Every structure is written in C-alpha cells, then in structure tokens.
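This report concerns the architecture of one protein chain, its open and enclosed spaces, and one of its helices.

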Amino acid sequence: MALKPEEVTSILKAEMAQYEHALQMESVGTVLQVGDGIARIYGLADAMAGEMVSFPHDVVGILLNLEEDNVGAILFGETHRIREGDLVKRTGRIAQVPVGDVMIGRVVDALGRPIDGKGPIVTDRSRPLEGPVPNVMARQSVKQPVQTGIMAIDAMIPIGRGQRELIIGDRQTGKTAIAIDTIINQRGGNMFCVYVAIGQKASTVAAIVETLRRHGAMDYTMVVAATASEEASMQYIAPYTGCCIAEEFMYSGRDALIIYDDLSKHAQAYRQVSLLLRRPPGREAYPGDVFYLHSRLLERSAKLSDANQAGSLTSLPIIETQGGDVSAYIPTNVISITDGQIYLESGLFYSGIRPAINVGLSVSRVGGSAQTKAMKKVAGKLRLDLAQYRELAAFAQFGSDLDKTTQAQLNRGAKMVELLKQGQYQPQSLSRQVIAIYLGTAGHLDSIPTHDIKRFQEAFLKQVETDYAELAQSIEKEKTLTDEITGKLDMAVKGFKENWGKG
C-alpha cells in the first residue's frame, strides 16, 4: 500500500520526537593539564565564570579562567585521581554552599561539608559563594555596639554591628585571642558567630574549637576550617564559605559576627592558585586583582535597613605583619577596605601589657556612634590621656626634674595602663568595664600603688556585685551612667579604700 507524502512526514516527526526525548545534550570538555590543585580544560565554550564543573571520582571544580582556547578550574576532592584526557561536565550551577540554622555548633570544611564527626548536615538552603553586596539604599548607619568584653577595645576602639574592624600585628601578639574573647563574650546575647580558620594547623583549630566548647560558645558558633595541610584552593574559598553561612543570619534579620583568621594566608593561597593558572603577577608577585579578592569579601558586611529586616554582619579580619611593617602590600590593601584597625605591638606584648594594643595607631572610624552612653561618658578622654602618657613616658626617661602636673599625668597614665590589662578568656560585662574605668578616670586609683591596681579593681567590683548590685543592673539595663550612680560609686569606693588601707 502506497503512503501519501503527508503521512510519511507525520511518521518521521513521531519517530524523531521519540529520539529527542531519549537523547540528552551535555556540554563537556576534556582535561588538557592537571596538577597542584588546578586543571586546564579544552571545550566548555559556553561555561560561566564561577560555575561548578564535575570530574570523574566525585571531584568538583570551580571555573576561574575563561580563555580563548581553554578554561582554568581549581579542584576539590581527590585531585590526584584526575588524569589528562578525563571528561569534564558542566553543572549549570554557580558554586554554592549549604547554609541555615543547622550549621550552628558545627565544624565544616571550605565546601560546607562536616568534619566534626557529628553526622551529615541536612538543609535545603544554600547561598552562592560570590554573593551580591547590599547597596547603599539597603543599609543604615552603624550605631549598635558589639561588646567584645575587652576594656581597651570597648572603651577606646568601639566596634559596631555591621562594621569591619581589622586586627593587625606580628605573629604571636594576641590577635586570635582578641577574636576568641569576642566570640565568648556573646554568650547569652543575640549574636551568631562564624570563625574561619585559614592555613592553620589542624591541632590549633581543634584547640580553638575545644576552648569555645568549654566556654559554652559553640551553642551559637560555627567554624569553617581550611587547614595548612589542605590545598590552596580550599584555603582560597574558605572565607567566602564562612561569609555565606553568616550572611544567612543577616538576611533573616539577625546579627552575625565573622572572624577571618587570617587574610594574609588567604592572599598567599590566592597568589599560589593564580600563578598556577598563569595569571600575570604584579606587585610582590600577587595578581593584579588581589585587592578585589578582599574587597568583595569584606564589602558584604553591613547593617541592613529596617525595610530589609535590619540584620547585620560584622567582620573582624586578621592580618599578620612581618616585623611590624604595616606598609606592605596586603596590610595596606585591607586597611583601606576596613573601617578601622586594632594594632597589636610586639614590644607592648613582651613588656606584659595584654592585650598589646597600640592606642596611637589603632582607630575605629565608627567611633562613639557604636558606644553606649555609659561607656562614652567614662572613656571620653581615656584615649587621649593614654596617648599623651606614652609620649611623656618616653620623654621622662631622659629628664629627672619633672613638674607636678607632668608627674600627676605619668602617675594617672601608669594606673590606667595597669587597669586595662586583661587576661585571656576573661571578657568583662559592660557594668564591670564602666565601673572599673570610672575608678581610673575619676582619680580614685591615684593613691593606690600600681602593682596593687588589679587586686584593688577585682576586690571593689566584687563588693559592688554583692552590696550595690542595683548599680550594676542599672548600668546594664539603661546603658547610661547617671549622676546618682556616680555619687553612690564615689561613696562606695571611699568607704572601700578606708577598709582596704587597714587590710
């Protein structure tokens, strides 16, 4: 039986439809070169920058270089199993990491996978590794404090919610200690914390996690770890992973604090990856976009407007200097991105002043806007007085005859330096800080021998908590220091000094 032309056409269309349903088109490429955690791939002409691609053996990659005849990717997983000629497939997805409340209390790697032995992380929420930055209209000014519990910082270099405050100094000067104390001080508050460890020893990270757990801080803290034994690619994306986890809290109307420890090692990891991908080196062999590396990370910190649920993300990046050189490439980059810096000095640290904060070089560009009224009242002149004391102390070494005013300034300065010394893992509440600083600035400590200052301070604060608990409660609740409270404190310290002298 002869078929009509229109019947032949309909039969062919039906057959082709079946084949089209069975066939799946995929964009694939082949590995040209692999090694040191990077791969060059031929093909994938339609791939996107930052897209995830899949390799054999469950290895994944993120595309960084899109060149004319090949693309460059950084690899994650068992990269030693990848060979030249292996097939690479597009996923169509920009790199993402899991986020959500299920991350609280967990320790994860740079891909958001759990490494704490507490089982899988089950969440249906994820955020892109390179998230958008809130624009100017989506933000509001920084005006709520982040209490670090460290008197020298809360009094002179206040940090606000939504701020980026750099912690900078040589190695072994107490940079991480400040960050950990700040996390511990958030216990009982409404701040969620993320600690990102970049290029540290696994044993060091384990010790930090154990310290946080011992102080009850893991109840509101997440740790992202890319240790020194891991590839440069993992160390490169770790801060972005931590930022994604913290951003989830900010965009849901909550407050988050993130510590990047430290961005010097992050820049070194990026330099290694970039040079392997043959990006042109610039100053100190860093690639030309190393400023953008940190600016696009730190600019994601913000205090959102009320229309955007008023959440906040506060960043405390850490930078390690070499021999106190703050004019090097990476330190100057991050100083210019952040809203101030806490500068830790080796000389102060070795002379027993802990935390070893150089008051002259440290600054907060948010300043008193992020300080409670009580702290602003007692600490108004403290920063200037301490800066003057350091200058006078240096001058006094060469002169024996000093007038009474200078001697009084030196005496007051020495007392304040002693007062601001603080042990590790001992963050102080707002009321304890305000009362202690009031003792110094009001001159109540001038007659106390310098070596007895800390003992006097602790003993008096204990008496206040016992006999004048309402004063401390009022300061904590109202965040102000009224004339009535200062009058009662003056009477209390007068009576206490009489008994102290007898003891």
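The account below moves from the whole chain to its pockets and cavity, and then to a single helix.

**Overall architecture**

The coordinates are those of a predicted model. The protein contains 16 helices and 17 strands, and its C-alpha trace spans about 125 × 45 × 40 Å along the principal axes. Of its 503 residues, 50% count as buried. Among contacts between residues at least 6 apart in sequence, 74% join residues at least 24 apart.

**Pockets and cavity**

The spaces in the protein are set out below by volume and by the character of their linings.

| Space | Volume | Nonpolar lining residues | Polar lining residues | Charged lining residues |
|---|---|---|---|---|
| Largest pocket | about 810 Å³ | 12 residues | 10 residues | nine residues |
| Second largest pocket | about 390 Å³ | six residues | nine residues | four residues |
| Largest cavity | about 50 Å³ | six residues | two residues | one residue |

The largest pocket has a volume of about 810 Å³. It is lined by 31 residues, of which Gln172, Gly174, Lys175, Thr176 and Ala177 are the closest to its centre. Helix H3, helix H4 and strand E15 (312-320) each supply at least two residues of this lining. The greatest contribution comes from H3, with six residues.

The second largest pocket encloses about 390 Å³. Its lining comprises 19 residues, and those closest to the centre are Gln147, Arg161, Asn185, Gln186 and Gly189.

The structure holds one cavity of 30 Å³ or more. The residues that line this cavity are Pro145, Val146, Gln147, Asp154, Pro158, Ile159, Ala370, Gln371 and Met375.

**Helix H4**

Helix H4 covers residues 202-214, and its 13 residues reach 18 Å from the first C-alpha to the last, close to the 18 Å expected at 1.5 Å a residue. Which residues of H4 are buried? They are Val205, Ile208, Val209, Thr211 and Leu212. These residues lie on the same side of H4, because they cover an arc of only 160 degrees around the axis. In general, an α-helix has 3.6 residues a turn, so residues three or four places apart point the same way. On the other side of H4, Ser203 and Arg214 are exposed.

The buried residues of H4 pack against two strands named E8 (107-108) and E11 (191-198), as well as against helix H3 (175-184) and strand E12 (221-226). H3 and H4 thus meet in this packing, and both also contribute to the lining of the largest pocket. After H4 comes Gly216, which has a positive phi near 75 degrees.

Terms used: Residues numbered from 1 in each chain as written. Predicted model: local features only at pLDDT ≥ 70, side-chain atom pairs only at ≥ 80, totals over all residues. Heavy atoms only, no water. Helix = DSSP H or I, 4+ residues; strand = E, 2+ residues; numbered from the N terminus. Expected span 1.5 Å × (residues − 1). Buried < 20%, exposed > 50% of the residue type's maximum accessible area, 1.4 Å probe, protein only. Arc of directions from axis to C-beta. Contact = heavy atoms within 4.5 Å. 1 Å grid on protein atoms, 1.4 Å probe; cavity = no way out; pocket = protein on both sides within 12 Å on 5 of 7 lines; lining within 4 Å. Points joined across faces, edges and corners; volume = space filled by probe spheres on them. Nonpolar A, V, L, I, M, F, W, Y, C, P; charged D, E, K, R; others polar.
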